[in-house]
Amino acid sequence: MAVNEPLFNQVREEISESLAPVFKKDPDMRRIFDVISEPEYVHRWKAVWEDDKGEQHVNICWRVQQNSALGPYKGGLRFDPSVTLDTLRFLALEQVFKNALTGKAIGGGKGGSDFNPKGKSDNELRRFCEAFMLGLHRVIGPDMDVPAGDIGVGGKVIGYLYGFWRKLRGGHVGVLTGKGLDWGGSELRTEATGYGLVYLTIEHLNDKSMELSGQKVLISGSGNVATYAAKKCIQEGAIVLTLSDRNGTYFCDKGMTEDQVDGILAAKQKNGKVPKGITKIPGKNPWIAKKNVKADIVLPCATQNEIEEGDAQVLIERGVHSIVEGSNLSSTAEAVAVYRQNSKSLDYIGSKLANLGGVGTSYLEMVQNAYKSHWEPEQVDKELHDMMKKAYKLAKDAATEYGVSITDGANIAAFLKVAKVMKELGYVNSPL
């Protein structure tokens, strides 16, 4: 067990527990899991940059290249003061399993910095991105490692990173995804994780002979994943009760409209008033705000470990029948234990399966870049929808074969795929 890496240890233990039936059937598979758990490379460097006052700052940067058995390393870049090597180690291991479920030829990795982009001018952002790319450009490439955006790394930052990469290396190749539509980006990339989350939820409900229409949905967060999950839910006829931010919950007892979702975002950006019909509940997350109100489905889309044990108990009491994770590692280990104890009335689908739509659409951007082409939104949406259907079936088939939950089935299906390829490539030796 890694020392002082609680997030990495949490996700490694979670995956290991779900693979217990595989280890029982073939004990040598545990050794292969140990190999997969350790990154192939960890790159660390410093970014030295100047603010608008000419003062110098230093931030630490990393790129964790976890596993490349299936293809080039693929995973986002996160800029946030909370970023540590532990953060990126856990995300990189999750990414390997998530990417395997897409059915596409991509390995897993993750990177970022403890730099805080909030409150920075455009020039400060650009100067930091250039300092960051001075280290990153040495270890990425369209056939080696293709990073994308994540928390703190939106379209503007991707633009600064890609622009400086081109100055350093030249060419117009797909070395980053999440690019602007006029310079190699894909339609629906911004919407993909949220849309994919809802498509996966629909597949799950179809399995239970249920529809999304009319279901009362609790969503946390108000970033891209939460926003587009909310909009897609509304389009499908669901009743979206909540969004949230660090300061509290936005609640609408009748269910939000798409205009109200946009109004919440506008109010956050301008410090303005929330839209008519929306109540702001300070200091409470969506799980406990208005906890007397019944709910059916939970889509956590904010950050890791946002659902704790007490929250899970409240959700059970509110009548929730499905929790489908939009954020990575949404639930603490204690919360997951509550889900498992209530598995007869509650279905839990973890993030590795539920939120793969973003990285899956990043792969579609890589394909478009390779062919110097641009697909219409309808084609990207169809590919995304089909990808989520196939991923769900892959997880369900493994769950049925091993007699486990859909979340454990997803981990098993992803692991077996990566392990098989690693054996075939000679990355792990066969037992004597």
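Modeller: Let us begin with a definition: a crossing of two helices is right-handed if the near helix is turned clockwise from the far one by less than a right angle, and left-handed if it is turned anticlockwise. The model before us is predicted.

Biologist: How is the packing of two helices to be read, and what is the handedness of the crossing of helix 13 and helix 14?

Modeller: Two packed helices are described by the angle between their axes and by the distance between those axes. In this structure, the axes of helix 13 and helix 14 cross at roughly 130 degrees and come within 10 Å. Angles of 65 to 115 degrees count as roughly perpendicular and those over 145 as roughly antiparallel. The angle therefore makes helix 13 oblique to helix 14. Their crossing is right-handed.

Biologist: Which residues of helix 13 and helix 14 meet?

Modeller: Helix 13 contributes G357, G360, T361, L364 and Q368, which meet V380, E383, L384, M387 and M388 of helix 14. By class, the residues of this contact divide into five nonpolar, four polar and one charged.

Biologist: At what angle do the axes of helix 7 and helix 8 cross?

Modeller: The axes of helix 7 and helix 8, the latter formed by residues 224-235, cross at roughly 45 degrees and come within 7 Å. That angle makes helix 7 oblique to helix 8. Helix 7 passes helix 8 in a right-handed crossing. On the side of helix 7 one finds T193, G194, Y195, L197, V198 and Y199, and these meet V225, Y228, A229, K232, C233 and Q235 in helix 8. The contact has eight nonpolar, three polar and one charged residues.

Biologist: How do helix 1 and helix 15 pack?

Modeller: Helix 1, residues 6-18, packs with helix 15, residues 406-425, at an angle of about 90 degrees, and their axes are 9 Å apart. Helix 1 is therefore roughly perpendicular to helix 15. Helix 1 makes the contact through E14, I15 and S18, and helix 15 through D408, N411 and I412. This contact has two nonpolar, two polar and two charged residues.

Biologist: How is empty space in a model found, and how many cavities of 30 Å³ or more does the structure hold?

Modeller: Rolling a probe the size of a water molecule over the atoms shows where empty space is left. The structure holds one cavity of 30 Å³ or more. The largest cavity has a volume of about 40 Å³. Its lining is made by I349, G350, S351, K352, L353, T407, A410 and N411. N411 also belongs to the contact of helix 15 with helix 1. At least two lining residues come from helix 12, residues 351-354, and at least two from helix 15. By class, the lining of the largest cavity has three nonpolar, four polar and one charged residues.

Biologist: What is the volume of the second largest pocket?

Modeller: The volume of the second largest pocket is about 300 Å³. The pocket is lined by 15 residues, of which L346, D347, Y348, S405 and I406 are the closest to its centre. Helix 7, helix 11 (333-341), strand 12 (347-349) and helix 14 are the elements that each give two or more residues to the lining. Helix 14 gives the most, with four residues. By class, this lining has six nonpolar, four polar and five charged residues.

Biologist: How should the backbone angle phi be read, and where does N305 lie?

Modeller: Most residues other than glycine have a negative phi. N305 is not a glycine, yet its phi is positive, at about 55 degrees. N305 lies in the loop between strand 10 (297-299) and helix 10 (309-317). K372, which is not a glycine either, has a positive phi of about 50 degrees. K372 is found in the loop between helix 13 and helix 14, the two helices with which we began.

Key. Residues are numbered from 1 along each chain as its sequence is written. This is a predicted model: local features need pLDDT of at least 70, side-chain atom pairs count only at pLDDT 80 or more; totals for chains, interfaces and linings use all residues. Side-chain values use heavy atoms; hydrogens and water are left out. Axes are lines fitted to C-alpha atoms, for helices over the stretch in contact, and angles run from 0 to 180 degrees between N-to-C directions. Angles under 35 degrees count as roughly parallel, over 145 as roughly antiparallel, 65 to 115 as roughly perpendicular and the rest as oblique. Contact means heavy atoms within 4.5 Å. Ala, Val, Leu, Ile, Met, Phe, Trp, Tyr, Cys and Pro count as nonpolar, Asp, Glu, Lys and Arg as charged, and the others, Gly among them, as polar. On a 1 Å grid over the protein atoms alone, a cavity is a set of points where a 1.4 Å probe fits but cannot get out, and a pocket is an open set with protein on both sides within 12 Å along at least five of seven lines; lining residues have an atom within 4 Å of a point. Grid points are joined across faces, edges and corners, and a volume is the space filled by probe spheres set on the points.
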